[in-house]
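The following exercises are to be worked through with the structure in view. Each task is followed by a solution in steps.

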Amino acid sequence: MPERLAIDCDDVIANTTGAVVSHARSVLARDIPVGNISCERYWRNRMSMTKGIALGFMKTFEMDGYPGIQPVEGVRVALEELSRSFELHVVTARMKYLRGVTEDFLRSHGLDSVIVEIHYSKNPFYPNGAPTKADICRDIGARALIDDSPREIAGMVSNEQAGILFGDNPWQVMPRGIDATAQLHAWDQYQTIEDLAA
Ligand SMILES: [Mg+2]
């Protein structure tokens, strides 16, 4: 049986930050820099919003399936190749009410055929009672999690599980004293992941 590989959705498979920033620019009619949209400080400092107002602002956009959202560059080829060596599972902190838009996104970009299952984890912003990504990865026996969130990667490493930090942004800073198992700067380097299955 192939080993399982867990992959985050937002900003790993889907360019969510790009879609959110475009949406914010068009709704607020002002230039807004790309930044860490998962961080309260982004909304407070860059957008002059509290986290609560920001979450409300985002809700309609999310429910509409993040109009304009596109796959991260190179993800389709990379996942097609990786699916030859691994059983691919999406592990996302999206709320379960976004199940439909998440499945639609994957299907509309031809990614559904390489993904075996989608798991919905605990969300850092809403107490939804779901298990953490590290817990899900342990339960499904995932060889590693690929995620853009240093917090999720730290959760994996602290649990003695492999965490691969995806992306190359200045705000992706690992907590002091915890290193990611590996870093994948972009999907064109997916071959470095295949070594895990060897
Ligand atoms: Mg993410």
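**Exercise 1.** What distance should the 13 residues of helix α3 (residues 51–63) span at 1.5 Å a residue, and how far apart are the end C-alpha atoms of the helix?

*Solution.* The model examined here is a predicted one. The expected span is 1.5 Å times one less than the number of residues. For the 13 residues of α3 this rule gives 18 Å, and the end C-alpha atoms lie 18 Å apart, so the expectation and the model agree. After the helix comes G65, which has a positive phi near 80°.

**Exercise 2.** Determine the overall make-up and dimensions of the protein chain.

*Solution.* Begin with the secondary structure: the chain contains 8 helices and 6 strands. In sequence order these elements follow the pattern β-α-α-α-α-β-α-β-α-β-α-β-β-α. Next, consider size. A compact globule of 198 residues would have a radius of gyration near 16 Å, and the chain agrees with this because its own value is 16 Å. The C-alpha trace extends over about 50 × 40 × 30 Å along the principal axes. Finally, turn to packing: 34% of the 198 residues count as buried. Among contacts with a separation of 6 or more, 59% join residues 24 or more positions apart.

**Exercise 3.** In what order do the strands of the open sheet lie, and which strands form its edges?

*Solution.* Strands of a sheet pair through backbone hydrogen bonds, in either a parallel or an antiparallel manner. Here the 6 strands are arranged as β3-β2-β1-β4-β5-β6, and their pairing is parallel. The edges are β3 (115–120) and β6 (182–184), each of which pairs on one side only. From one strand to the next, the twist averages 25°. As an example of one pair, take β1 (residues 3–7) and β4 (residues 142–147), which are joined in the parallel sense over 4 bridges. Within this pairing, I7 is opposite I146 of β4.

**Exercise 4.** Locate D11 and Y66, and establish whether each is buried or exposed.

*Solution.* Most residues other than glycine have a negative phi. D11, which is not a glycine, nevertheless has a positive phi near 65°. Its place is the loop between β1 and α1 (16–28). Y66 is likewise not a glycine and has a positive phi of about 50°; this residue belongs to the loop between α3 and α4 (75–82).

For burial, the cut-off is 20 or more other C-beta atoms within 10 Å. D11 has 22 such atoms and is therefore buried. Y66 has 23 C-beta neighbours inside 10 Å, so Y66 also counts as buried.

Methods: Residues are numbered from 1 along each chain as its sequence is written. This is a predicted model: local features need pLDDT of at least 70, side-chain atom pairs count only at pLDDT 80 or more; totals for chains, interfaces and linings use all residues. Two strands pair if DSSP finds at least two bridges between them. Helices (H or I, at least four residues) and strands (E, at least two) are DSSP runs, numbered from the N terminus. Axes are lines fitted to C-alpha atoms, for helices over the stretch in contact, and angles run from 0 to 180 degrees between N-to-C directions. The radius of gyration is taken over C-alpha atoms; the globule rule is 2.2 Å times the number of residues to the power 0.38. A residue is buried if 20 or more other C-beta atoms lie within 10 Å of its own, exposed if 12 or fewer, and partly exposed in between; C-beta atoms are placed from the backbone. Two residues are in contact if their C-beta atoms, placed from the backbone, lie within 7 Å.
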